[in-house]
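Me: I am new to this structure and would love a close look at one part of it. Please choose a strand-built part, and show me first what surrounds it.

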Protein chains: 2
Amino acid sequence: MPAAQPPLPPPGPKLSEFLCFALYSASHAFNRLYKPLLDELGLTYPQYLVMVTLWERDDRTVGEIGEQLFLESNTLTPLLKRMEAAGLVSRSRDPADERQVRLRLTDEGRALLDKARHVPPCVLEATGLTADEARSLTDQIGALRTTLSR
Amino acid sequence: MPAAQPPLPPPGPKLSEFLCFALYSASHAFNRLYKPLLDELGLTYPQYLVMVTLWERDDRTVGEIGEQLFLESNTLTPLLKRMEAAGLVSRSRDPADERQVRLRLTDEGRALLDKARHVPPCVLEATGLTADEARSLTDQIGALRTTLSR
DNA sequence: TGCGATTGCATCGCGTACGATTATTTTGAG
DNA sequence: CTCAAAATAATCGTACGCGATGCAATCGCA
């Protein structure tokens, strides 16, 4: 009769199988890739995301930007102040509703768009994906985020 | 003859099409999902990842853990000190190579595995994905991370 | 109209991330 | 065997994220 299996503790989960860890580590890998590109623009990665939202549509409130980026004012306020100090945006209370702060691109902030145009193709190339593959993955992950935040 | 197109500035990239932003925001969404689950264990998310690596194999150096998690000692050292203060791990110089610090689970740290077993299935359920779908997405993103970090 | 509830932003504290630097130990070429 | 180079953590400064809380402006309902 074969020896009984030793009562090894059941194994824990394997790190490599964690979807959350794949996202976490890939997100950091993207950050490291962006760093040198954004250093040339004087932006951090979250600051770059704010610029993208403002290049899409200018004159937004803190809340609107936060809705786009899934961030709260406790993160955005200091970040936006640094961007204001860097001369990229202006922050001013909305006269029609003094609770709101409106963000507007300065001329310098608007001009940065042209210097930033090479970034997305450069990043896409580093992913080694075709545009279609990247879009598909982006959509899958976007759908996942929507499911998670419920 | 049709009017000439007005010389609108070419549009910037759309945030929703950014793969990096999908990863970034989904990663944060996972963090928010994990928070209440890990609060019960007294862990933060990166600390949980460290525990997962140690549950897989105990008695690792800071560098080995960093290799698994893609983190450096500047991030890990303070994090591990907090885990030591919480009584989950011990930190001690390797007598055979005094440069290295070896991390070992305490009894309490080992015991936490059982309290943590419900977390992965709970998270998988929140993703709304089947195990196969989750595995496929994990593999795609893992491959992407490998490509990016080169 | 008055006033409590809500909204929108700011502040504070803690815990990551990470570039740059430092200190200590080990390695290895000559 | 020696000493410069490499390896390994730790330290420091800056910038996120975010829970908790504070504060002023607005809203809504009696």
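Reply: Let's begin with a term: two residues are in contact if their C-beta atoms, placed from the backbone, lie within 7 Å. What you see is a predicted model, where local features need pLDDT of at least 70, side-chain atom pairs count only at pLDDT 80 or more, and totals for chains, interfaces and linings use all residues. Residues are numbered from 1 along each chain as its sequence is written, while chains are lettered from A and ligands numbered from 1 in the order in which they are written.

The two protein chains come first. Their contact takes 42 residues from chain A and 42 residues from chain B. On the side of chain B that touches chain A, the elements giving two or more residues are α1 (19-39), α2, α6 (119-127) and α7 (131-148) of chain B. Here helices (H or I, at least four residues) and strands (E, at least two) are DSSP runs, numbered from the N terminus. The element giving the most to this side is α1(B), with 13 residues. By class, this side of chain B has 25 nonpolar, 13 polar and four charged residues. Ala, Val, Leu, Ile, Met, Phe, Trp, Tyr, Cys and Pro count as nonpolar, Asp, Glu, Lys and Arg as charged, and the others, Gly among them, as polar.

Next comes chain A as a whole. Seven helices and three strands make up its secondary structure, and along the sequence they follow the pattern α-α-β-α-α-β-β-α-α-α. The C-alpha trace of chain A spans about 85 × 35 × 25 Å along its principal axes. The radius of gyration of chain A is 21 Å, whereas a compact globule of 150 residues would have one near 15 Å; the radius is taken over C-alpha atoms, and the globule rule is 2.2 Å times the number of residues to the power 0.38. Of the 150 residues of chain A, 25% count as buried, a word that asks for 20 or more other C-beta atoms within 10 Å of a residue's own, while exposed means 12 or fewer and partly exposed lies in between, with C-beta atoms placed from the backbone.

Now for the close look. The three strands of chain A form an open sheet in the order β1-β3-β2, with antiparallel pairing. Its edge strands are β1 and β2 (89-94) of chain A, each of which pairs on one side only. Two strands pair if DSSP finds at least two bridges between them. β2(A) is joined to β3(A) by six bridges, and these two strands form a hairpin with two residues between them. Along this pairing, Val89(A) has Leu105(A) of β3(A) as its bridge partner, and Ser90(A) stands opposite Arg104(A) in β3(A). At the other edge, two bridges link β1(A) to β3(A), where Arg60(A) has Leu103(A) as its bridge partner. As a general guide, side chains in a regular strand alternate between the two faces of the sheet.

Just before β1(A), look for Asp59(A), which sits in the loop between α2 (45-56) and β1 (60-61) of chain A. Its phi is near 65 degrees, a positive value in a residue other than glycine. Most residues other than glycine have a negative phi. Asp59(A) counts as exposed because it has 12 C-beta neighbours inside 10 Å. The C-alpha atoms of Asp59(A) and Arg110(A) are separated by 12 Å, although the two residues are 51 apart along the chain. Arg110(A) belongs to helix α5 (residues 107-116) of chain A, and it counts as partly exposed because it has 16 C-beta neighbours inside 10 Å.

The sheet also leads us to the DNA. β3 (97-105) of chain A is among the elements that each supply at least two residues of the surface near DNA strand C; near means that a residue's C-beta atom, placed from the backbone, lies within 6 Å of the strand. Of the 26 residues around DNA strand C, Gly63(A), Asn74(A), Thr77(A), Thr44(B) and Asn74(B) come nearest. The element giving the most to this surface is α4(B), with five residues. By class, the surface has six nonpolar, 12 polar and eight charged residues.
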